[in-house]
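Good morning, everyone, and thank you for making time for this. Please have a look at the sequence and the structure on the screen, and then I will walk you through them step by step.

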There are 2 protein chains.
Amino acid sequence: MNYCSLCGSQVVQRIPPDDDRLRYVCDSCNAIHYQNPKIVAGCIPVWQDKVLLCKRAIEPRYGYWTLPAGFMELGETSQAAALRETFEEANARVEIVNLFAVFNLPHVNQVYLMFNSNLMDLNFSAGAESQEVGLFSRDEIPWEQLAFTTIRYSLEFFFEDQKNNSHRLHTGDIIRNNTGHEFLTGPETRY
Amino acid sequence: MNYCSLCGSQVVQRIPPDDDRLRYVCDSCNAIHYQNPKIVAGCIPVWQDKVLLCKRAIEPRYGYWTLPAGFMELGETSQAAALRETFEEANARVEIVNLFAVFNLPHVNQVYLMFNSNLMDLNFSAGAESQEVGLFSRDEIPWEQLAFTTIRYSLEFFFEDQKNNSHRLHTGDIIRNNTGHEFLTGPETRY
């Protein structure tokens, strides 16, 4: 950020009064430009024992496989965002079952909200951001060609739950370290 | 938004190629300035049968009572944000138990993540943003002087769960309508 989005003057980085961290502030109009994490909302679309994946036709991770997910938009609920992303990326209609996972990714300033969902029918196809879409059982998942760490953990937890007939909310932090990522399991929500 | 925060030129509102909604775009440097919902993270700090509330010393809702909560910052996890807000607003140290609620507020572009937590000790006091802080049992809660709808629902659900010895994740959408707000209960996460 170089310029104030309200008045066009140059901004500076400074800790404002009554604050304790650097912000972009405008000395012309006194605006403080806060920056905050974004929410990525997505689905695990299920058909029998299979999950729908999309092969990405866009960067980042062009050509790698992902669950339908993307940035939540203004005016949406997180479920609406997950449904919209699923339709945009896979032309797929799903019914949301419940919240499956809340993952914090502090190194990229994101929080993932992933939902369990059931495909309404098999009339899906690649959307504009996908090269192809398909259904995969656990053994068919292209584990080495998954786009994001969040997708790998979502699928691992999903199939593990399916095997154990256990269904619970998964919370945790995905932390980038020297050798890759590690998953710190969050405090379990009792039910 | 009037000016491009990258190059300082005036922005226009337009639907970019391969998009379907209005964005602020810069015709000088071609930047697209996306806007997204923010996360509010907070705690329900518990001591025996009581909950810690803060009387707000800042706008909005100056003088009304709230649970400690605030905007998640860059580089944080949602639990870290909840702990930080609890310390900032009430000088209180808590141990997070688990995720208590996920509320969508599409009319203000917020998602609330509220955590169950236990106060570590009684050495709390009003932080800079609070006039006073205190512990309240269900009957002592100033129900008519609560700052936000999210706080009212959080407290109602919390004490109802406490009464029923039931503990589960609460998800739902808080929707503003002509007469106030309504709560649309989200799909239940099975456990």
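I would like to begin with a group of charged side chains, A:Asp19, A:Asp20, A:Arg21, A:Arg23 and B:Glu73, which are linked in a network of salt bridges, where a salt bridge means a side-chain nitrogen of Lys or Arg within 4 Å of a carboxyl oxygen of Asp or Glu. Before going further, I should say that this is a predicted model, in which local features need pLDDT of at least 70 and side-chain atom pairs count only at pLDDT 80 or more, while totals for chains, interfaces and linings use all residues. Residues are numbered from 1 along each chain as its sequence is written, chains are lettered from A and ligands numbered from 1 in the order in which they are written, and side-chain values use heavy atoms, with hydrogens and water left out.

Within that network, B:Glu73 forms a salt bridge with A:Arg21, and the closest N and O atoms are 3.8 Å apart. This pair crosses between chains, from the loop between strand 7 (69-71) and helix 1 of chain B, where B:Glu73 sits, to the loop between strand 1 (11-14) and strand 2 (23-26) of chain A, where A:Arg21 sits; helices (H or I, at least four residues) and strands (E, at least two) are DSSP runs, numbered from the N terminus. Is each partner buried or exposed? B:Glu73 is buried, with a relative accessible area of 10%, whereas A:Arg21 is partly exposed at 24%, because buried means under 20% relative accessible area, exposed means over 50%, and partly exposed lies in between (1.4 Å probe, protein chains only).

With the chains exchanged, A:Glu73 forms a salt bridge with B:Arg21, again with a closest N to O distance of 3.8 Å. B:Arg21 also meets B:Asp20 in a salt bridge, at 3.6 Å from N to O, and B:Arg21 is partly exposed at 23% relative accessibility.

Now let us turn to the interface as a whole. How many salt bridges are there between chain A and chain B? The count is four. The contact, meaning heavy atoms within 4.5 Å, takes 48 residues from chain A and 47 residues from chain B. Together the two chains bury about 4400 Å², 53% of it on carbon and sulfur atoms, and buried area here is the accessible area (1.4 Å probe) that two parts lose on being put together, summed over both.

A residue worth finding on your screen is A:Met72, which lies in the loop between strand 7 (69-71) and helix 1 of chain A. A:Met72 counts as buried, because its relative accessibility is 1%, and among the residues that A:Met72 touches are A:Ile39 and A:Ala81 from chain A, and B:Pro37 and B:Val111 from chain B.

Finally, I will step back to chain A itself, which has two helices and 12 strands. Of its 191 residues, 50% count as buried, and its C-alpha trace spans about 60 × 35 × 35 Å along its principal axes. In helix 2 (residues 149-164) of chain A, A:Arg152 and A:Glu156 lie four residues apart, about one turn of the helix, and their side chains meet in a salt bridge at 3.4 Å, N to O. A:Arg152 is partly exposed at 29% relative accessibility, and A:Glu156 is partly exposed at 31%.

Conventions. Lists of a residue's contacts leave out its neighbours within four places in sequence.
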